[in-house]
Amino acid sequence: MWNFSVFLALLGQLCMYELTKEQRLCKNREYQLVYRRGKSYVNRRVVLYVLPRSPKQPTRIGFVTGKKIGCAVERNCRRLMKEVYRLHQFDLKDGFDLVLIGRSSLKYAGYAEAEQSILQLFRHARVLKKK
């Protein structure tokens with residue numbers, strides 16, 4: 001039987017990895033600003049746009065998969081991108097707006113390949129914290 005305090009502790013840990021509204025790009029104009037003024041980094045599976053903000057502000061992110069990738073089921077590669085970000089969000093520096101765009105080859109990738117591609121772009125863009 002679950003103890004209530006254990007349940008609350010587990011719930012707190014799960015909420016820590018949640019992607020809140022303050023951590024996401026929500027409006028079209030926010031995406032457009034990152035596209036226009038941000039710098040892009042590209043590999044086979046993902047495109048990353050990075051726009052620096054004040055280092056005091058938290059990093060925000062948006063996820064995009066176009067219709068060229070395929071039907072809605074095939075565009076579920078967005079879930080892969082979100083999962084990689086969710087597990088590595090505390091490794092990123094504050095003060096950036098990021099947009100991750102899934103390319104068609106991402107739909108054939110597993111989690112490990114997606115993680116490798118995304119982290120490679122994060123390193124190249126220098127948005128990862130020093131370890």
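**Which side chain makes a polar contact of 3.1 Å with the side chain of Asp97?** The partner is the side chain of Arg53, and the first view below places this contact in its setting. The model is predicted: local features need pLDDT of at least 70 and side-chain atom pairs pLDDT 80 or more, whereas totals for chains, interfaces and linings use all residues. Residues are numbered from 1 along each chain as its sequence is written, and side-chain values use heavy atoms, without hydrogens or water.

**View 1. Surroundings of Asp97 in strand β4.** Strands (E, at least two residues) and helices (H or I, at least four) are DSSP runs, numbered from the N terminus. Asp97 counts as buried because its relative accessibility is 3% (buried, under 20% relative accessible area; exposed, over 50%; partly exposed, in between; 1.4 Å probe, protein chains only). Its side chain makes polar contacts with the side chain of Arg53 at 3.1 Å and with that of Arg60 at 2.9 Å (N or O atoms within 3.5 Å, one able to donate a hydrogen and the other to accept it within protein; residues adjacent in sequence count only if both atoms are side-chain atoms). Apart from neighbours within four places in sequence, Asp97 is in contact with Leu25, Val34, Tyr49, Val50, Leu51, Arg53 and Arg60 (contact, heavy atoms within 4.5 Å).

**View 2. Salt bridges around Arg60 and Asp97.** The structure holds 4 salt bridges (a side-chain nitrogen of Lys or Arg within 4 Å of a carboxyl oxygen of Asp or Glu). One of them joins Glu30 to Arg60, with the closest N and O atoms 3.2 Å apart. This pair links distant parts of the chain, since Glu30 belongs to helix α2 and Arg60 to strand β3, 30 residues apart. Arg60 is itself buried, at a relative accessible area of 16%. In another salt bridge, Arg53 meets Asp97 at 3.1 Å, N to O. Here too distant parts of the chain are linked: Arg53 is in the loop between β2 and β3, and Asp97 is in strand β4, 44 residues apart. Asp97 and Arg60 also meet in a salt bridge, at 2.9 Å from N to O. Because Asp97 lies in strand β4 and Arg60 in strand β3, this pair ties together parts that are 37 residues apart in sequence. Through shared partners, the salt bridges join Glu30, Arg53, Arg60 and Asp97 into one network.

**View 3. The two sides of helix α2, residues 28-37.** Glu30, Tyr31 and Val34 are buried in this helix. Seen down the axis of α2, the buried residues fall within an arc of 100° and therefore line one face of the helix (the arc is taken over the directions from the helix axis to the C-beta atoms). Asn28, Arg29, Arg36 and Arg37, on the other side of α2, are exposed. The cover over the buried residues of α2 includes β2 (46-52), β3 (60-65) and β4 (96-102).

**View 4. Thr59 in the loop between β2 and β3.** With a relative accessible area of 6%, Thr59 is buried. The side chain of Thr59 reaches the backbone nitrogen of Gly95 at 3.4 Å. A polar atom of that side chain also lies 3.5 Å from the backbone nitrogen of Phe96. Leaving aside neighbours within four places in sequence, Thr59 is in contact with Gln23, Tyr85, Lys93, Asp94, Gly95, Phe96 and Leu98.

**View 5. The hairpin that joins β1 to β2.** Strand β1 (residues 39-42) pairs with β2 in the antiparallel sense over 4 bridges (two strands pair if DSSP finds at least two bridges between them). The hairpin connects β1 to β2 through 3 residues. Within this pairing, Tyr41 stands opposite Leu48 in β2.

**View 6. Cys26 and Cys77 in a structure with 0 disulfides.** A disulfide is a pair of cysteine sulfur atoms within 2.5 Å, and the structure holds 0 of them. Cys26 counts as partly exposed because its relative accessibility is 42%. Cys77, in contrast, counts as buried because its relative accessibility is 4%.
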